[in-house]
Structure formats: structure tokens, C-alpha cells
Amino acid sequence: MTVITSPTRSAGHAPAGAAAAAPAPRRSSRAKRRAQLTAWGFAAPVVVYLALFYAYPLYKNVDLSLRHYTVRSFITGDAPFVGLQNFAAIIGNPTFWPSMLTTAIFVFVSIAFQFAIGLALAVFFFKSFRLNGFLRALFLVPWLLPLLVSASTWSWMFNSDSGIVNSFLEAFGIGQINWLTSPQWSLTAVLVANIWIGIPFNLVIMYSGLQGISPDLYEAASLDGANGRQRFWRITFPLLRPVTTITLLLGFVYTLKVFDIIWIMTRGGPATSSTTLAIWSYQLGFGSLLPDFSSAATVGNVLIIIALIFGLSYARMQRRAEA
């Protein structure tokens, strides 16, 4: 009887177990749905912010560049669609290629000096010595000051008559230089100001990258007889490559759209000697009594395309490095 009743009991208990296990998938699906709703709840403010302040302005900028807007049509919203005619007109404008060349010089010279000086200062401050933290904090001052204050200060320093730069040069027998009013020197003046402002950013990023390098590598290299230069080029610089890449990319994007420093110091002049694409875009949109909103938006989209190309190139390089 024991053999006969045992299967009967197990068979009788099977439906109860199945019934007890049935609500489990429902509970798991509800938990997943609740987790998804919670995630979207946290992401909703960011999504709304990006849509309002990034996606919509970008859409409007593209729309401006694909239509022929005047002051009247900008208000009424009935501008005719012209496609890529605005881009063709901008490229054919005699100001386009000089502005492109000025932008390239301004961006690459700024990045080269900012990165080189920032890296050198990061390596210098990475060593322990008295007043290290205090001096490092002083180098952050250009980054913390409002750009209006920095640009105004440099305008005063480069003033032809009362500027401290010319007074310093005259002490060494060098004649007066019209930094802000000469086509030969205006771009140099804004370059010096922009390099000074951008050094702290490179210093902070590269200094944080140095902290991620193990000191054991330097000790092992010293035991093998490597000097300071060899340790830098064989250990420090190769291990800083990921940090270097993102620093250069961020510096490129930031420098590409610099406007306030140039506008306060030279307003893009004299003539077009310091006119970058960002300055030209502003001049087209707001620099005359008859603003050309479509052309201004088109120049702005050219800047976006350039930044996008370099951003995609960086992403491609990262995928190749991780592969």
C-alpha cells in the first residue's frame, strides 16, 4: 500500500505546486515594468532638457539654413524653401575661405600651445614640493574668471598707448606694436588671450590622468637606468594617450566656437584679420541693419558639421583601440 499511495500523494500535490508557481512570472513582469517606469522617470528631466535646449534649437538652425529668411518672413514664418542654395552662397562668398583659414589657425595654434603648456605644468606639479597646491590653485584663476573680465583685461594689456605689453617691450628697445588695430597682430593678440584662458583646463585634465599611472612603473624604469626624458616618452606620454585624445577633442570643440574673446578684443577686425566662422556668423545675423538669418545659420551649421566630423573620428579611433 505504501508503494501505491506514494504516487497518489505526489500527484495530488503537483497541481498545488503549479498553482503556487503561476503568479511568479506576473510578479516579475510587474517588477520589470515598475523598474522601467522608474528609470524613465529619472531620465525624463534630462530628455526634456535636451529636447528643449539642444534638439529644438538644432532643428530651427537647420530650418533657417534651408530657407530664405528675411526680417518679415522670420516673424511671419512663411520663408520659401531653397534647399542647399544658402550653403552654395556661403561657400562662394569671398569672406568664407579667409574666415575658414583664420578659424583653422586660431583653433590649432590655441590647442597646440594649451596642451603643451598644460601637460608641462601637470608634470611639474605632479612632483611634491612646498606650495604645490597653492600654486596649482593660482593657475586655475584664468579658468574661473568670467570671459568678459578676461577679454577686457587682455584688451587693456594690449592697448597700443597705455598697455603693459608695449611698456614691457619698450623697456627692451622694441617699438610700439598696434596689437588690436593692426591686421598683422590682431590674430596674435586674441591667440595669446585664448591660450592663457585654456591652459588651466588642460592642466586639470592631464594632472588627473597622471594620477592614474602607477608609481611602480617609474620605479622599475629608474632601476633599469631610464632618465627623466625616457620615462616621460616611454611611460607617461603613452599611458596618457586616452586622456590626451579626449582633451584635444574637447579643446577643439570649445575653441572652434570661441566668440566672446575675439568679439570683445577686436570684433573680428581690423577688416577680417581676426574673423573666424563664429564671428562671421554673428556679423551676418546681428551685425547690420538688414540681418541675413539664413546665411548666419548656414555658417553655424558649417561649424556643427566640422565638430561632428572630428567627434565621429574620435569615436572611430576609440572603437579601433578597444578592438
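**Figure 1. Ser274, a buried residue in the loop between H14 and H15**. At 0% relative accessibility, Ser274 counts as buried, because buried means under 20% relative accessible area, exposed over 50% and partly exposed in between (1.4 Å probe, protein chains only). The model is predicted: local features need pLDDT of at least 70, side-chain atom pairs count only at pLDDT 80 or more, and totals for chains, interfaces and linings use all residues. Residues are numbered from 1 along each chain as its sequence is written, and side-chain values use heavy atoms, without hydrogens or water. The loop holding Ser274 runs between helix H14 (260-265) and helix H15 (277-286). Helices (H or I, at least four residues) and strands (E, at least two) are DSSP runs, numbered from the N terminus. A polar atom of the Ser274 side chain lies 2.8 Å from the backbone oxygen of Gly269. Beyond its neighbours within four places in sequence, Ser274 is in contact (heavy atoms within 4.5 Å) with Thr102, Ser186, Leu187, Ile262, Thr266, Gly268 and Gly269.

**Figure 2. Backbone geometry in the loop between H14 and H15**. Most residues other than glycine have a negative phi, and most peptide bonds are trans. Which peptide bond is cis here? The bond from Gly269 to Pro270 is, with omega near -5°. Pro270 sits in the loop between H14 and H15. Arg267, in that loop too, is not a glycine, yet has a positive phi of about 55°. Ala271 also belongs to this loop, and its phi is positive, near 55°. Arg267 counts as exposed at 53% relative accessibility. Ala271 counts as exposed at 71%.

**Figure 3. The two sides of helix H4**. Helix H4 spans residues 85-92, and its buried residues are Asn86, Phe87 and Ile90. Seen down the axis of H4, these buried residues fall within an arc of 100°, so they line one face of the helix. The arc is that of the directions from the helix axis to the C-beta atoms. An α-helix has 3.6 residues a turn, so residues three or four places apart point the same way. Gln85, Ala88 and Gly92 are exposed residues on the face of H4 turned away from the buried side.

**Figure 4. Asp78 and its partners Thr76 and Arg72**. Thr76 is in helix H3 (residues 71-76). Its side chain makes a polar contact with the side chain of Asp78 at 2.5 Å. A polar contact is a pair of N or O atoms within 3.5 Å; within protein, one must be able to donate a hydrogen and the other to accept it, and residues adjacent in sequence count only if both atoms are side-chain atoms. Asp78 also meets Arg72 in a salt bridge (3.6 Å, N to O). A salt bridge is a side-chain nitrogen of Lys or Arg within 4 Å of a carboxyl oxygen of Asp or Glu. Thr76 is partly exposed at 47% relative accessibility. Asp78 is partly exposed at 43%. Arg72 counts as exposed at 58%.

**Figure 5. The salt bridge between Arg67 and Asp63**. How many salt bridges does the structure hold? It holds two. In the bridge of Arg67 with Asp63, the closest N and O atoms are 2.9 Å apart. Arg67 is partly exposed, with a relative accessible area of 26%. Asp63 counts as buried, at 14% relative accessibility.
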